[in-house]
Amino acid sequence: MIIKRIISLISAFLLLLGVSQSAAKEIIVSSERELIFTEKPTEDCHASTVLPLENGNVVAAWFAGTKEKADDVNILTCVRTENGWGAPVKVTADENTAHWNPVLFELPDGRIALYFKVGKEIASWKTYVSYSEDGESWSEPQELVEGDTSGGRGPVKNKPITLSDGTILAPASDESGKTWSVFVDISHDGGKTWEKSAPAPAKLGLVDVPMIQPSLWQSQDGAVHMLTRTKVGRIYRSDSYDGGKTWSEAYPTRVGNNNSGLDLDTDEKGRIFLVCNPHPFIGIRSPLSLLVSTDDGKSFRRIMNLEFGVGEYSYPAIVVKGDTIHITYTYERDYIVYRQIKIK
């Protein structure tokens, strides 16, 4: 434990030095930080997701219970209005089975979809979806792909994206086999049905690179790209030139990865904002940083450390809407933090 804390502090210090102050001044106008709740509704919480709405409200969700994988873990949702965050609302498909990794997404018809996994073990996950008009109340959850036993379809951690032609791509991954692999689920009918893409291959020498929990974006030329969590100390990238049906062999970026979740989103200027723990030390989930790319993901600069020091600050979610970046993340498995960052 002492060695882990020392490494965490060294890593945090080096990353603090690596923040591009000039880029930060060029982009960030202001940053506000708040806890979604101050009185813990459950002992443990993790894996948040966020969705800003057209009316100015913000919806968040996370899984919560005694501890990760416990049978009492369900999904909690919450809405932020001009009066602050409301009381959490529970969404459950099974009161006696662990829930995981909620994902919020606004469908083309305006409804809010809440995707999440259910199952004691990852290999037995099923994906459920519930719908809402306002984020306050939710429909009865139903299986996303009825009868699927592959370990879970649809978004595994990060939000889907809607391509320029209206196709929805859900970033997915499979942990049920001997190695981790990533793919996307494709919907041509507004999220009603889904078609599984080919997996993105990845090799490090002769060994498969374990990859999960991709995050997606589309370039102006129509190509689609993903960044993925890995076990090899780097974020990996794969590209698709046929709308997500097939993917190039994944390759390492220069951004470190500690085998923890990441997420990204783009703004109207084509900038990519990436939030992650950008170091290669496995198991250490600090600091949590915001990075930006102005060259379509070829390179990234750190512009802000959201959290810094010894602790777990992890599993971020990010949505850029207009001139505002909305971010949520886990704070020590005790709280969910919400960040609102104004940009120019």
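**Note on the pockets, the cavity and one open sheet**

1. The largest pocket of this predicted model has a volume of about 730 Å³, where a pocket is an open set of points on a 1 Å grid over the protein atoms alone, with protein on both sides within 12 Å along at least five of seven lines, and a volume is the space filled by probe spheres set on the points, which are joined across faces, edges and corners. Its lining, made of residues with an atom within 4 Å of a point, counts 26 residues, and Ile161, Thr162, Asp265, Thr266 and Val320 are the closest to the centre.

2. Two or more residues of that lining come from each of strand 2 (44-52), strand 7 (99-106), strand 11 (161-162), strand 17 (211-218), strand 21 and strand 25 (313-321); strands here are DSSP runs of E, at least two residues long, numbered from the N terminus. By class the lining of the largest pocket has 12 nonpolar, 6 polar and 8 charged residues, with Ala, Val, Leu, Ile, Met, Phe, Trp, Tyr, Cys and Pro counted as nonpolar, Asp, Glu, Lys and Arg as charged, and the others, Gly among them, as polar.

3. The model is predicted, so that local features need pLDDT of at least 70 and side-chain atom pairs count only at pLDDT 80 or more, whereas totals for chains, interfaces and linings use all residues. Residues are numbered from 1 along each chain as its sequence is written, and side-chain values use heavy atoms, with hydrogens and water left out.

4. The second largest pocket has a volume of about 340 Å³ and is lined by 21 residues, of which Arg234, Arg254, Val255, Gly256 and Phe300 lie nearest its centre. Strand 20 (251-256) is among the elements that give two or more residues to this lining, and its 6 residues are the largest share.

5. Strand 24 also gives two or more residues to the lining of the second largest pocket, and strand 24 (301-307) is an edge strand, as is strand 21 (263-266), of an open antiparallel sheet in the order 21-22-23-24, where two strands pair if DSSP finds at least two bridges between them. Strand 23 (residues 288-293) is joined to strand 24 by 5 bridges, and Val292 stands opposite Arg301.

6. The structure holds 1 cavity of 30 Å³ or more, a cavity being a set of points where a 1.4 Å probe fits but cannot get out. The largest cavity has a volume of about 50 Å³, and strand 25 gives the most to its lining, with 3 residues.

Conventions: Helices (H or I, at least four residues) and strands (E, at least two) are DSSP runs, numbered from the N terminus.
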